[in-house]
Amino acid sequence: MPIRRLAEEQRLSGAVVAGGMVWLAGQVADDATLDAEGQTADILAQIDALLAEAGTDKRALVSVTVVLADIRDAPAMNRAWDAWLDPGHKPARMTIEAPLVDPSWRVEITGVALAP
């Protein structure tokens, strides 16, 4: 079974395409000075780019996990999410609060999508 690794970094791949699925690594904002809404929008743009590189798009997402450093940022995160979401193709989603590696990160998002 072929495995494709996208956006490889020192310790991880930004996404892995295998077994008919696209597995996204946890994505964080490129600009950590943004608020939670801005960081979420930044991350969702990165997810769009990774899915496009894999040959698919957000309509193929089946599951998403959102991690917030502070759960009180959920309304701000949801504003960016709602603006980005295709209402006809909502993935399963969970949102949790947990400390993130970099204290300036407010949001981290991972997910799984169907590959083309």
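1. The residue Gly-55, which follows helix H1, has a positive phi, near 90°. This is a predicted model, and the points below should be read with that in mind. A positive phi also occurs in a residue other than glycine, namely Ala-7, where the angle is near 50°. Ala-7 lies in strand E1, and with a relative accessibility of 38% Ala-7 counts as partly exposed.

2. Helix H1 itself covers residues 36-53, and its 18 residues reach 26 Å from the first C-alpha to the last, close to the 26 Å expected at 1.5 Å a residue. Its buried positions are Ala-36, Gly-38, Gln-39, Thr-40, Asp-42, Ile-43, Leu-44, Gln-46, Ile-47, Leu-50 and Leu-51. As background to such a list, an α-helix has 3.6 residues a turn, so residues three or four places apart point the same way.

3. What do the buried residues of H1 pack against? Their partners are strand E1 (4-8), strand E2 (13-18), strand E3 (21-28), strand E4 (61-68), helix H2 (74-84) and strand E6 (107-114). For orientation, the protein chain holds 2 helices and 6 strands, and these follow one another along the sequence in the pattern β-β-β-α-β-α-β-β.

4. In helix H2, the residue to inspect is Met-77, which is buried, with a relative accessible area of 0%. Once its neighbours within four places in sequence are left aside, Met-77 is in contact with Thr-40, Val-66, Leu-68, Arg-93 and Thr-95. The C-alpha of Met-77 is also separated by 8.2 Å from that of Gly-38, although the two positions lie 39 residues apart in the numbering along the chain. Both Thr-40 and Gly-38 are among the buried residues of H1.

5. The loop between E4 and H2 contains Asp-73. Is this residue buried or exposed? Asp-73 counts as buried, because its relative accessibility is 16% and the cut-off for burial is under 20%. Apart from neighbours within four places in sequence, Asp-73 is in contact with Ala-36, Leu-68 and Arg-106. Leu-68 is thus listed for Asp-73 and also appears among the contacts of Met-77.

6. A contrasting loop position is Pro-87, placed between H2 and strand E5 (92-97). Pro-87 is exposed, with a relative accessible area of 62%. In space, the C-alpha atoms of Pro-87 and Arg-59 are 9.3 Å apart, while in sequence the two residues are 28 residues apart.

7. Turning to the chain overall, a compact globule of 116 residues would have a radius of gyration near 13 Å, and the 14 Å found for the protein chain agrees with this. Taken along the principal axes, its C-alpha atoms fill a box of roughly 40 × 35 × 20 Å. Buried residues make up 42% of the 116 residues. Among contacts with a separation of 6 or more, 69% come from residues 24 or more positions apart.

8. On the surface, the protein chain exposes about 6,300 Å², of which carbon and sulfur atoms supply 55%. The charged side chains comprise 10 positive and 17 negative, and the centres of the two sets lie 5 Å apart.

Methods:
Residues are numbered from 1 along each chain as its sequence is written. This is a predicted model: local features need pLDDT of at least 70, side-chain atom pairs count only at pLDDT 80 or more; totals for chains, interfaces and linings use all residues. Side-chain values use heavy atoms; hydrogens and water are left out. Helices (H or I, at least four residues) and strands (E, at least two) are DSSP runs, numbered from the N terminus. The radius of gyration is taken over C-alpha atoms; the globule rule is 2.2 Å times the number of residues to the power 0.38. Buried means under 20% relative accessible area, exposed over 50%, partly exposed in between (1.4 Å probe, protein chains only). Contact means heavy atoms within 4.5 Å. Accessible areas come from the Shrake-Rupley method with a 1.4 Å probe; for residues, only the protein chains shown count as cover. Lys and Arg count as positive and Asp and Glu as negative; His and the chain ends are not counted. The place of a charge is taken as NZ of Lys, CZ of Arg, CG of Asp or CD of Glu. The expected span of a helix is 1.5 Å times one less than its number of residues.
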